[in-house]
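Here is a short tour for someone meeting this protein for the first time. Have a look at the sequence and the structure, then read on.

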Amino acid sequence: MSCGPDTGVLLERALPRHAAQRGVDLSIVSAGWTRWASATFAGARHDLLLTATPSPALDAWIADLPEAEFALRGHLVADLTVESRTRVGDRVELKIGVLTVEER
């Protein structure tokens, strides 16, 4: 199994779907990934820049996001961090870091 672009695509589909289920209007501005491996695990570090319309639903989604579970075929989301949240005009920009691990 390989980690990286396929996992990135799955993640880029899962985040907006998860947000929409909670009433959040979310767009992905940019996404990138870096492969990593240790003696026991392999995976990727994903960095995403998102924008959303400010709302109480967005606030609740952001608060719950680090504990959210995402179904990514063949991969586990090991860690998800909201690294920054900035108001830009009438939108909120979010920088999100996600660590995925390949299931074996």
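Which residue forms a salt bridge with Glu-102? The partner is Arg-35, with the closest N and O atoms 3.2 Å apart. A salt bridge here is a side-chain nitrogen of Lys or Arg within 4 Å of a carboxyl oxygen of Asp or Glu.

Before going further, a word on the source: this is a predicted model, where local features need pLDDT of at least 70, side-chain atom pairs count only at pLDDT 80 or more, and totals for chains, interfaces and linings use all residues. Residues are numbered from 1 along each chain as its sequence is written, and side-chain values use heavy atoms, leaving out hydrogens and water.

**Charged pairs**

Back to that pair: it links distant parts of the chain, with Glu-102 in strand β4 and Arg-35 in strand β1, 67 residues apart. (Helices, H or I with at least four residues, and strands, E with at least two, are DSSP runs numbered from the N terminus.) Glu-102 is buried at 8% relative accessible area, while Arg-35 is partly exposed at 43%. Buried means under 20% relative accessible area, exposed over 50%, and partly exposed in between, using a 1.4 Å probe and protein chains only.

In total there are 5 salt bridges. Three of the pairs look like this:

| Pair | Closest N to O |
|---|---|
| Arg-91 and Asp-25 | 3.1 Å |
| Glu-102 and Arg-35 | 3.2 Å |
| Arg-85 and Asp-59 | 2.3 Å |

Arg-85 lies in strand β3 and Asp-59 in helix α2, so this bridge ties together parts 26 residues apart in sequence. Arg-85 is partly exposed at 44%, and so is Asp-59 at 37%. Elsewhere, Arg-45, Asp-47 and Glu-83 are joined into one network by salt bridges that share partners.

**The core**

What about the greasy side chains? The largest nonpolar core (buried Ala, Val, Leu, Ile, Met, Phe, Trp, Tyr and Cys residues joined through side-chain atoms within 4.5 Å) has 22 residues, and Leu-15 and Trp-61 touch the most other members. Helix α1 gives the most to this core, with 5 residues. Beyond its neighbours within four places in sequence, Leu-15 is in contact (heavy atoms within 4.5 Å) with residues including Trp-61, Phe-70 and Leu-80.

**A buried histidine**

His-75 sits in strand β3 and is buried, at 5% relative accessible area. Its side chain makes a 3.0 Å polar contact with that of Thr-7. A polar contact is a pair of N or O atoms within 3.5 Å; within protein, one must be able to donate a hydrogen and the other to accept it, and residues adjacent in sequence count only if both atoms are side-chain atoms.
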